[in-house]
Amino acid sequence: MNDRRSMQNTLLWVVAVVLINALWLNVANQSAPNEINTVNQFQTYREVEISAVFGSSSPIPAELNTEFESLSVDNANVSFSIKKDNQSEVFSWTGTLNDETPVWSGELTPGTYTIETVVDQGVDVEQRLNLKPFAAVQTAGHVVLTLLLVVLAWGEQGVRALIARRSQREPEKQAPEKTPFKTKQFAPEEDPIAWDESDSPWRDPIR
């Protein structure tokens with residue numbers, strides 16, 4: 001019986017480990033969109049600050065989507081580039097409005113980035129940078145969550161064992177002894193039957 005219960009507990013903890021890691025995997029793959037340029041709000045230079053996640057300096061997966069369109073011109077020159085600290089170039093592209101605009105994807109280490117977008121008059125731009133911040137610590141997250149569940153499982157077993165030991169050490173409370181008869185104490189009182197001298201066994205002799 002104990003072996004069966006132990007096997008069931010182990011199976012439950014394995015399922016818990018798989019479930020919590022699957023949830024973390026889903027969270028790590030979620031993207032956080034950052035609007036760089038829109039039709040109504042356009043700037044040639046946009047600065048993006050990428051912060052470290054949980055103090056980690058690991059690079060963060062990123063993807064830059066850019067769309068150029070125009071309702072007033074048939075063709076125009078367009079370009080965009082990504083620079084770190086406004087110095088080192090990460091990516092750049094130059095083309096025309098009729099060219100297929102590439103989607104850049106890669107990894108960006110924490111720091112300050114400048115996105116430069118240059119277009120001719122009459123061209124609208126839709127630009128969005130998608131970041132996956134938790135993907136930078138995905139492996140560490142799997143390890144930490146698994147270790148926490150293992151520690152929790154061992155802690156639960158330890159608490160149960162401690163409770164069992166304490167219950168064995170506590171002496172059983174003895175029930176009060178019940179006697180079938182109880183001695184009654186009577187208060188001293190006068191004899192209810194009055195004493196009569198005629199009742200004495202020693203009488204005067206009959207003459």
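Which residues form a nonpolar patch on the surface? Val-27, Phe-54 and Phe-134 do so, as Figure 2 sets out. The model is predicted: local features need pLDDT of at least 70, side-chain atom pairs count only at pLDDT 80 or more, and totals for chains, interfaces and linings use all residues. Residues are numbered from 1 along each chain as its sequence is written, and side-chain values use heavy atoms, with hydrogens and water left out.

**Figure 1. Overview of the chain, with 2 helices and 8 strands.** Helices (H or I, at least four residues) and strands (E, at least two) are DSSP runs, numbered from the N terminus. Along the sequence their order is α-β-β-β-β-β-β-β-β-α. Of the 207 residues, 23% are buried (buried means under 20% relative accessible area, exposed over 50%, partly exposed in between; 1.4 Å probe, protein chains only). Among contacts (heavy atoms within 4.5 Å) between residues at least 6 apart in sequence, 78% join residues at least 24 apart.

**Figure 2. The nonpolar surface patch of Val-27, Phe-54 and Phe-134.** Together these residues have about 300 Å² of accessible area (Shrake-Rupley method with a 1.4 Å probe; for residues, only the protein chains shown count as cover). Patches are made of residues with over 30% relative accessible area and no salt bridge; like charges are joined within 9 Å and nonpolar side chains (Val, Leu, Ile, Met, Phe, Trp, Tyr) within 5 Å. A salt bridge is a side-chain nitrogen of Lys or Arg within 4 Å of a carboxyl oxygen of Asp or Glu. Val-27 belongs to helix 1 (residues 2-28) and counts as partly exposed because its relative accessibility is 37%.

**Figure 3. The largest nonpolar core, of 25 residues.** Such a core is a set of buried Ala, Val, Leu, Ile, Met, Phe, Trp, Tyr and Cys residues joined through side-chain atoms within 4.5 Å. Ile-50, Leu-64, Phe-68 and Leu-129 touch the most other members. Strand 3 gives the most to this core, with 4 residues.

**Figure 4. Ile-50 and the pairing of strand 2 with strand 7.** The two strands pair in the antiparallel sense over 6 bridges (pairing requires that DSSP finds at least two bridges). Gly-111 is the bridge partner of Ile-50. Beyond neighbours within four places in sequence, Ile-50 contacts Ile-60, Leu-108, Pro-110, Gly-111, Tyr-113 and Leu-131.

**Figure 5. Ser-81 in strand 4.** Ser-81 is buried because its relative accessible area is 8%. Leaving aside neighbours within four places in sequence, its contacts are Glu-89, Phe-91, Ser-92, Thr-114, Ile-115 and Glu-116. Strand 4 runs antiparallel to strand 7, with 7 bridges joining them, and Ile-82 stands opposite Ile-115 in strand 7.
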